[in-house]
Amino acid sequence: MTKNVSVEDVPINWFHQLLCIRSGGGWVLDGYVLSIIGVAMVQFSNDLQLSNFWQGMIAASALIGIFFGGFLGGVLTGLLGRQKLYFVGPALFVVCSLAQFWAESGLMLFICRFLIGIGVGFEYPVAGSLLVEFMPRKHRGPRLALLTILWFAGAALAYIVGNVILDNGGADAWRLVLASPAVIGVLLLLVRIGTPESPRWLLSKGRADEAERIIRKVYGPSFSLRDLPEQPAESKASLGDLLHSGYGKRMLFVAVFWSCSVIPVFAVYSFAPKVLQALNLQGAWASYGSVAITLMFVVGCVIATRLINTMGRRCMVIQSFLWSGLALLGLGFFSDGSEILVLVLFGAYAVLIGGAQVLQLVYPNELFPTEIRSAAVGLGASLSRIGAAIGTWLVPISLQGIGIANTMFAAAAVTMVGLIVSLALAPETRSLSLQEAASLGR
């Protein structure tokens with residue numbers, strides 16, 4: 001390898017692959033732990049005799065936790081580093097998932113799910129920042145997008161494993177379903193042992209010697225700090241820059257586009273069988289229709305990941321919101337249609353929203369400099385979950401009050417807001433280095 005080649009232009013190596021497993025495992029677990037509640041919702045609601053209010057609160061509790069965890073995790077990741085906080089999320093998943101096994105009230109489930117949400121909130125800034133700050137630019141977009149694919153893969157696994165447990169676990173099977181994420185959490189804790197700190201973060205804190213040692217270990221002895229295209233003199237951004245100047249505009253875009261892409265998705269995952277039952281899919285159609293739709297989300301994210309460097313970020317987010325919004329409108333108009341038509345339209349939405357989904361981590365990690373990157377990702381995750389929590393809490397109330405057709409129209413309206421904001425504010429960061437993408441002067 002020739003000396004003075006930027007670390008952003010090196011071929012992907014064993015360390016990058018291992019880091020993808022370490023960060024990607026967190027997203028599999030995030031998707032699993034957030035989606036598993038939808039699998040068990042009907043059973044534990046009946047067992048604990050929960051009202052629609054408590055069903056909505058429990059479904060939204062993890063999203064409320066993400067609001068606090070995302071913001072707190074973003075700030076702490078910027079102050080304390082990425083590596084120290086890499087174990088917070090998995091540890092919370094293990095403890096709180098096991099605690100759900102003994103839940104005897106809606107309040108206890110709410111508290112456990114809230115703490116799980118805090119753990120998920122930590123994952124967004126920690127795992128995303130570590131990955132983007134080590135990954136070569138050619139692989140940055142696809143590998144960040146891969147995290148979203150793994151989230152949906154985890155969600156699909158939750159529905160598959162959860163339904164198997166419910167079918168074979170007896171009267172209290174829902175307790176085993178909600179405790180099952182602990183197994184993945186333990187494995188994730190083990191695989192993350194030995195992860196180094198980000199050299200970019202160390203450099204931003206003036207710890208150049210430590211940064212250089214890690215660069216040589218990861219990239220080889222011929223590499224040094226001069227091969228990292230980011231210097232301490234350029235580290236002038238502060239947390240306050242998220243709220244004003246050009247970064248305030250970028251933060252507004254990230255928060256709105258992220259919110260509009262997750263609100264309908266989390267509502268579907270939290271109440272998938274219930275939503276499908278309202279759309280006249282009963283029994284096995286509702287249970288396994290949820291699995292099929294989840295797999296379509298995976299397909300959509302895979303397609304988007306393959307196209308992200310070809311289409312570019314701006315074109316992808318606009319097209320994704322446009323066509324997925326039309327699919328939701330179709331669900332509203334044909335809410336009393338046949339089972340096949342409903343599944344086709346839901347599947348179309350799942351595939352077409354894939355572009356916006358994979359950009360949830362790509363955009364915030366590329367649009368902000370190292371000093372505020374984790375805080376921006378955490379704040380974006382937090383703000384997006386406010387709307388997602390409210391929307392999820394309202395699903396059972398909406399289904400009962402205004403019906404499934406109007407609920408789908410409301411979801412379409414949210415998606416169209418994302419389209420309008422993306423048309424006005426979405427930038428293009430394809431093929432840019434991290435510094436170029438984060439620069440306000442380009």
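**Exercise 1. Determine which residues of H5 and H14 meet, and how the two helices are oriented.**

Solution. Arg-140, Gly-141, Leu-144, Ala-145, Leu-147, Thr-148 and Phe-152 of H5 meet Gln-357, Val-358, Leu-361, Val-362, Asn-365 and Glu-366 of H14. Contact here means heavy atoms within 4.5 Å. Helices (H or I, at least four residues) and strands (E, at least two) are DSSP runs, numbered from the N terminus.

The model is predicted: local features need pLDDT of at least 70 and side-chain atom pairs count only at pLDDT 80 or more, whereas totals for chains, interfaces and linings use all residues. Residues are numbered from 1 along each chain as its sequence is written, and side-chain values use heavy atoms, with hydrogens and water left out.

Next, take the geometry. H5 (residues 137-168) and H14 (residues 354-366) pack at about 140°, and their axes are 7 Å apart. Axes are lines fitted to C-alpha atoms, for helices over the stretch in contact, and angles run from 0 to 180 degrees between N-to-C directions. H5 and H14 are therefore oblique to each other, since angles under 35 degrees count as roughly parallel, over 145 as roughly antiparallel, 65 to 115 as roughly perpendicular and the rest as oblique.

**Exercise 2. Describe the largest nonpolar core and the surroundings of Phe-44.**

Solution. The largest nonpolar core (buried Ala, Val, Leu, Ile, Met, Phe, Trp, Tyr and Cys residues joined through side-chain atoms within 4.5 Å) has 128 residues, and Phe-44, Tyr-124 and Leu-359 have the most contacts inside it. Helix H1 (residues 14-48) gives the most to this core, with 15 residues. Not counting residues up to four places away in sequence, Phe-44 touches Ile-37, Gln-49, Leu-50, Ile-58, Leu-109, Trp-174 and Leu-178.

**Exercise 3. Establish whether Gln-49 and Glu-123 are buried or exposed.**

Solution. Buried means under 20% relative accessible area, exposed over 50%, and partly exposed in between (1.4 Å probe, protein chains only). Gln-49 lies in the loop between H1 and helix H2 (52-80). Its relative accessibility is 73%, so Gln-49 counts as exposed. Gln-49 also has a positive phi of about 55°, although it is not a glycine.

Glu-123 is placed in helix H4 (residues 106-134). Its relative accessible area is 1%, so Glu-123 is buried. Beyond four places in sequence, its contacts include Trp-27, Asp-30, Tyr-86 and Arg-192.

**Exercise 4. State where pLDDT stays under 50.**

Solution. pLDDT is the predictor's confidence in each residue, from 0 to 100. The chain mean is 83, and 89% of residues reach 70 or more. Over residues 231-235 pLDDT stays under 50. Where pLDDT is low, the predicted coordinates should not be read in detail.
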